[in-house]
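Here are some short exercises to help you find your way around a new structure. Try each task yourself before you read its solution.

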Amino acid sequence: LIMAKFALRVILAGAGAACAVFWTQRNGFKAHTRPSTAKWDSNWDHRVESKENEKEGAENVKRGTSRHILLIRHGNYERNAAGEKVLTTAGRWQAALTGQRLRHLNHPYSVIYHSTMPRAVETADLIHGTLPDTPLVSCDLLREGAPAIPDPPVSHWTPKPHEFFSDGARIEAAFRKYFYRSPPEQKHDSFEIIVCHANVIRYFVCRALQLPPEAWLRFNIGHCSVTAVTIRPNGDVSVSALGNTGHLPPDLVTFY
């Protein structure tokens with residue numbers, strides 16, 4: 001009797017699996033399991049110009065000389081009497097704690113780049129307070145904007161076409177300025193901090209991973225979150241943290 005019950009279960013399980021496969025194929029869901037036909041472009045930054053460059057890059061791979069970019073979104077903000085978007089008390093706490101987190105990671109940071117918008121400037125200044133020996137450099141290219149027309153579109157955020165046209169070119173220029181593999185002369189890993197904005201960071205991540213740029217609005221990141229991108233000397237790119245807020249207490253995790 002026990003063997004008969006076991007055999008019946010096996011038969012039913014097999015029949016169920018067969019039905020599931022038939023239903024999946026019939027309804028076209030099999031297509032979702034197919035690998036993308038898009039191939040990774042290992043020379044996406046156009047830094048490999050010759051066989052000699054490839055040879056030097058291979059030496060860098062052996063040495064493990066990668067570039068690590070830590071993208072920090074500014075802190076929580078509000079509008080002041082003048083209409084400027086400035087940090088709230090919570091935003092200042094977020095920035096201070098993020099600075100402590102970066103210091104505790106104990107990386108040899110070479111620079112802190114930041115957007116010139118007030119909320120990013122304030123955030124960068126507070127982070128710099130815990131990393132006083134790291135140069136602070138402002139950059140207009142990192143200002144917030146509309147990087148690409150999102151797909152799917154959203155009804156609550158509809159910039160004009162000319163805004164996408166101008167902002168998109170600027171933010172793409174920022175990506176090309178800061179994202180590239182280590183040069184042949186680099187002997188050790190480098191660590192750079194970029195303090196900017198949610199739209200800019202999400203666009204950077206899509207571009208770095210060679211995902212469709214219009215996908216940038218499909219995910220969100222919190223205030224003073226940490227997104228870590230590593231660029232290998234052979235052109236491979238990986239993201240080890242995306243919008244990480246683990247260094248903040250729950251009451252200081254904010255998005256809007």
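## Exercise 1: Around L71

Task: In this predicted model, which residues does L71 touch, leaving out those up to four places away in sequence?

Solution: Start at L71 and look for heavy atoms within 4.5 Å. Leaving out residues up to four places away in sequence, you should find F179, I194, I201, F204, S225, V226, T227 and V229.

## Exercise 2: The nonpolar cores

Task: How many residues does the largest nonpolar core have, and which elements give two or more residues to it?

Solution: First, the count is 29 residues, and L71, L142, F179, I194 and F204 have the most contacts inside this core. Next, two or more residues come from each of β1 (67-73), β4 (109-115), α5, β6 (190-196), α6 and β7 (226-231). Helix α6 gives the most, with eight residues. Finally, look apart from this core for another one, of 14 residues, including I112, I127, F191 and A241. As background, nonpolar side chains tend to be buried together in soluble globular proteins.

## Exercise 3: Two helices that cross

Task: Where do the axes of α5 and α6 stand relative to each other, and which residues make the contact?

Solution: Find α5 at residues 161-178 and α6 at residues 198-208; their axes come within 10 Å and cross at roughly 60°. The helices are therefore oblique to each other. Their crossing is right-handed. On the α5 side, the contact is made by I171, E172, A174, F175 and R176, and on the α6 side by V200, Y203, F204, R207 and A208. Sorted by class, this contact has seven nonpolar, three charged and no polar residues.

Conventions:
Residues are numbered from 1 along each chain as its sequence is written. This is a predicted model: local features need pLDDT of at least 70, side-chain atom pairs count only at pLDDT 80 or more; totals for chains, interfaces and linings use all residues. Side-chain values use heavy atoms; hydrogens and water are left out. Axes are lines fitted to C-alpha atoms, for helices over the stretch in contact, and angles run from 0 to 180 degrees between N-to-C directions. Helices (H or I, at least four residues) and strands (E, at least two) are DSSP runs, numbered from the N terminus. Angles under 35 degrees count as roughly parallel, over 145 as roughly antiparallel, 65 to 115 as roughly perpendicular and the rest as oblique. A crossing is left-handed if the near helix is turned anticlockwise from the far one by less than a right angle, and right-handed if clockwise. Ala, Val, Leu, Ile, Met, Phe, Trp, Tyr, Cys and Pro count as nonpolar, Asp, Glu, Lys and Arg as charged, and the others, Gly among them, as polar. A nonpolar core is a set of buried Ala, Val, Leu, Ile, Met, Phe, Trp, Tyr and Cys residues joined through side-chain atoms within 4.5 Å. Buried means under 20% relative accessible area, exposed over 50%, partly exposed in between (1.4 Å probe, protein chains only).
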